[in-house]
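User: Please take a close look at one helix and its surroundings, covering its packing partners and any pocket it helps to line.

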Amino acid sequence: MPPGTPGTPERTPPGAGAGRDTGGTGTPTPRRIVLRIRRVVSFVWLFALRFVQSNLVITVEILTPRDRTSPGIVELPLRCRSRAEIATFSSLINLTPGTLTLEVRRDPPALWVHGTHTHSAEEFRHDLWDLETRMLTAWRPVDETIPPVPPSPRGDGGAGRAGGTGETGETGKGRTP
């Protein structure tokens, strides 16, 4: 029977999927594979640079007599959806010298992170959100968009410093959470 005859299934020509670059087969095309590899390599490279930079900062802190630390704890709302994404992100934070995940909440996803050089709580949060964005970009499918950065916790608008009173989700040097 010719195409278009009632009772016959319509065949979609290769590459004519609904906005997907799968070649009509359901498998990624080489372009999508190359893009995914680039994203993963870019993320690994970024994390390696951050890792080396953090090690240098901690090394200088140890070798010099002056105390330049500004410890603080921030609440970090996440865009991670699965347990694997949350666990990976938490592990990346723990691998970086000078940062430590203190607590994980799954619903809604959030982390409490301690940093030794947390001069500004909002700057520290944005640095962590940048890492999360790059991790999610490397992990998730190429055509999936990453949600925007969530608002700062407890409505502080990001105005709090790491040495705050604890009302905005941060604590500073010499203070307890």
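Analyst: What follows deals with helix α3 and then turns to a short stretch elsewhere.

This is a predicted model, in which local features need pLDDT of at least 70 and side-chain atom pairs count only at pLDDT 80 or more, while totals for chains, interfaces and linings use all residues. Residues are numbered from 1 along each chain as its sequence is written, and side-chain values use heavy atoms, with hydrogens and water left out.

Helix α3 covers residues 121-139; helices here are DSSP runs of H or I with at least four residues, strands are runs of E with at least two, and both are numbered from the N terminus. The axes of α1 and α3 lie 8 Å apart, at an angle of about 150°. Axes are lines fitted to C-alpha atoms, for helices over the stretch in contact, and angles between N-to-C directions run from 0 to 180 degrees. α1 and α3 are therefore roughly antiparallel (angles over 145 degrees; under 35 is roughly parallel, 65 to 115 roughly perpendicular and the rest oblique). The crossing of α1 with α3 is left-handed, meaning that the near helix is turned anticlockwise from the far one by less than a right angle, with clockwise giving right-handed. In contact (heavy atoms within 4.5 Å), α1 contributes residues including R36, R39 and R50, and α3 residues including D127, D130 and R134. By class, this contact has eight nonpolar, two polar and six charged residues. Ala, Val, Leu, Ile, Met, Phe, Trp, Tyr, Cys and Pro count as nonpolar, Asp, Glu, Lys and Arg as charged, and the others, Gly among them, as polar.

Helix α2 (residues 83-95) also packs on α3, their axes coming within 11 Å and crossing at roughly 130°. That angle makes α2 oblique to α3, and the crossing is right-handed. A84, E85, T88, F89, L92 and I93 of α2 meet L128, L131, E132, M135, L136 and W139 of α3. Nine nonpolar, one polar and two charged residues make up the contact of α2 with α3.

The largest pocket holds about 510 Å³ of space. Its 21 lining residues include S54, T99, H117, F124 and D127, the closest to its centre. α1 (30-63) and α3 are the elements that give two or more residues to the lining. By class the lining has seven nonpolar, 11 polar and three charged residues.

Away from α3, a cis peptide bond joins D107 and P108, with omega about -10°. P108 is in the loop between β2 (99-106) and β3. P109 belongs to strand β3 (residues 109-115). Leaving aside residues up to four places away in sequence, P109 touches L76, P77, L78, C80 and I86.

Methods
On a 1 Å grid over the protein atoms alone, a cavity is a set of points where a 1.4 Å probe fits but cannot get out, and a pocket is an open set with protein on both sides within 12 Å along at least five of seven lines; lining residues have an atom within 4 Å of a point. Grid points are joined across faces, edges and corners, and a volume is the space filled by probe spheres set on the points.
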